[in-house]
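Let's take a friendly walk through the charged side chains of this model and see who pairs with whom. Have the 3D view ready to turn as we go.

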Amino acid sequence: MADEANRAAFVELQGRMIETTGKIKQLQAQMRSKEGEKKRAYLTLEELRQLPDNTNTYKTVGKVFILEPKSLLLSEQEQKFNDSESAIASMQTSKEYLEKQLAEVENNIKELLQQDPGLARQILSMTVQ
């Protein structure tokens, strides 16, 4: 009876571990995407700041280029940059939380396997076959 309960607990912990690992990978991909957006906004800002104020600047909308004042483009790029920074900070906090959850699940698995050496042998024999 206890053996079945330990096996069920292990399967549940293993599922949580897989799920948490997947969430962390997804979050890392989103963070890389936001880092790219942030870098593009920064580089665009740097180039716009070098231009004289009376320069014609254009904004792309699909396949169309629309004449826009430099100040408007600067404010849009600054907003994109700031939004990306705040999103990255938020994602970093979420990532740290998920990493703590993953460490907790790993510790729970270790404890379970230490409490029930028979379960550990069964798991090892399943992976070898």
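Lys38 counts as partly exposed in this predicted model, because its relative accessibility is 21% and the buried class ends under 20%. Its partner is Glu85: the two form a salt bridge whose closest N and O atoms are 3.7 Å apart. Lys38 belongs to helix α1 and Glu85 to helix α2 (residues 70-115), so this pair ties together parts that are 47 residues apart in sequence. Glu85 is partly exposed too, with a relative accessible area of 36%.

While you are looking at Glu85, find Arg32 as well. The C-alpha atoms of Arg32 and Glu85 are 12 Å apart, with their positions 53 residues apart in sequence. Arg32 sits in helix α1 (residues 2-50) and is exposed, at 57% relative accessibility.

Next, which residue does Asp53 meet in a salt bridge? The partner is Lys70, at 3.4 Å from N to O. This pair also links distant parts of the chain, 17 residues apart: Asp53 is in the loop between α1 and β1 (57-61), and Lys70 is in helix α2. The two ends differ in their surroundings: Asp53 is exposed at 70%, whereas Lys70 is buried at 7%.

Now for a pair within one helix. Lys23 and Glu19 form a salt bridge with their closest N and O atoms 3.3 Å apart. They are four residues apart in helix α1, and therefore separated by about one helical turn. Lys23 is partly exposed at 39%, and Glu19 is partly exposed at 44%.

To finish, zoom out: the whole structure has nine salt bridges.

Notes. Residues are numbered from 1 along each chain as its sequence is written. This is a predicted model: local features need pLDDT of at least 70, side-chain atom pairs count only at pLDDT 80 or more; totals for chains, interfaces and linings use all residues. Side-chain values use heavy atoms; hydrogens and water are left out. Helices (H or I, at least four residues) and strands (E, at least two) are DSSP runs, numbered from the N terminus. Buried means under 20% relative accessible area, exposed over 50%, partly exposed in between (1.4 Å probe, protein chains only). A salt bridge is a side-chain nitrogen of Lys or Arg within 4 Å of a carboxyl oxygen of Asp or Glu.
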